[in-house]
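Subject: Structure handover

Hello,

Here is the structure we talked about handing over. Please open it alongside this note.

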Amino acid sequence: MGDEWETPHELFNGLEEWWGIFNLDVCANESNKKCKTYYTKKDNVLIQPWEGVFWCNLPYSNHK
């Protein structure tokens, strides 16, 4: 099991209703991205431009 849990679609959709459409997912991979444009670990998000309304679901562990 990894650290790349996906935000539930229902939660993400509700947040878009509140904040507006997110155009950039800054912590994603091909299988859990929430936006058409996204950055992966390989992209090094800290050196990439962030423009518009962005989504960030940081990786986290369920390990004890």
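First, is Phe12 buried or exposed? Phe12 is buried, because its relative accessible area is 4%. Keep in mind that this is a predicted model.

Now the overall layout. The protein chain has one helix and three strands. Read from the N terminus, the order of elements is α-β-β-β. The chain holds 64 residues, and 23% of them are buried. Its accessible surface is about 5,100 Å². Carbon and sulfur atoms account for 57% of that surface. As for contacts between residues at least 6 apart in sequence, 58% of them link residues at least 24 apart.

Next, the sheet. The three strands make an open sheet in the order E2-E1-E3, and the pairing is parallel. Strands E2 (37-38) and E3 (54-55) are at the edges. Each of these has a single partner strand, so one side of each has no neighbour in the sheet. Strand E1 covers residues 24-25 and pairs with E3 in the parallel sense, over two bridges. In that pairing, Leu24 sits opposite Phe54 of E3.

Then the aromatics. There are four aromatic pairs. One of them is Phe12 with Trp55. Their ring centres are 5.3 Å apart, the planes are at 85°, and the pair is edge-to-face. What does this pair tie together? Phe12 belongs to helix H1 (residues 9-19) and Trp55 to strand E3, so the pair links parts that lie 43 residues apart in sequence. Trp55 also counts as buried, because its relative accessible area is 12%, under the 20% cut-off.

Trp50 and Phe54 form another pair. Here the centres are 4.6 Å apart and the planes are at 70°, so this pair is edge-to-face. Trp50 is partly exposed at 36% relative accessibility. Phe54 is partly exposed too, with a relative accessible area of 36%. Recall that Phe54 is the residue in E3 that stands opposite Leu24.

Which residues form an aromatic cluster? Phe12, Phe22 and Trp55 make up one. Phe12 has a further partner in Lys34, which lies over the face of the ring. The distance from Lys34 to the ring centre is 6.0 Å. So for Phe12 you have a buried residue, a place in helix H1, an edge-to-face pair with Trp55 and a lysine over the ring.

Last, the loops. Asn32 is in the loop between E1 and E2. Asn32 counts as buried, with 11% relative accessibility. Where does the side chain of Asn32 reach? The side chain goes to the backbone nitrogen of Asn29, at 2.8 Å.

Asn44 is in the loop between E2 and E3. Asn44 has a positive phi of about 50°, although it is not a glycine. At 36% relative accessibility, Asn44 is partly exposed. The two loop asparagines are worth viewing in turn: Asn32 is buried, whereas Asn44 is partly exposed.

For a quick tour, start with the pair of Phe12 and Trp55. Move on to Lys34 over the face of Phe12. Then follow the sheet in its order E2-E1-E3. Finish in the loop between E2 and E3, at Asn44.

Best wishes

Terms used. Residues numbered from 1 in each chain as written. Predicted model: local features only at pLDDT ≥ 70, side-chain atom pairs only at ≥ 80, totals over all residues. Heavy atoms only, no water. Pairing = 2+ DSSP bridges. Helix = DSSP H or I, 4+ residues; strand = E, 2+ residues; numbered from the N terminus. Buried < 20%, exposed > 50% of the residue type's maximum accessible area, 1.4 Å probe, protein only. Contact = heavy atoms within 4.5 Å. Areas by Shrake-Rupley, 256 points an atom, 1.4 Å probe, with all protein chains shown as cover. Phe/Tyr/Trp six-rings, centres within 6.5 Å; stacked < 30°, edge-to-face > 60°. Lys NZ or Arg CZ within 6 Å of the ring centre and 35° of its normal. Polar contact = N/O pair within 3.5 Å; in protein donor to acceptor, adjacent residues only side chain to side chain.
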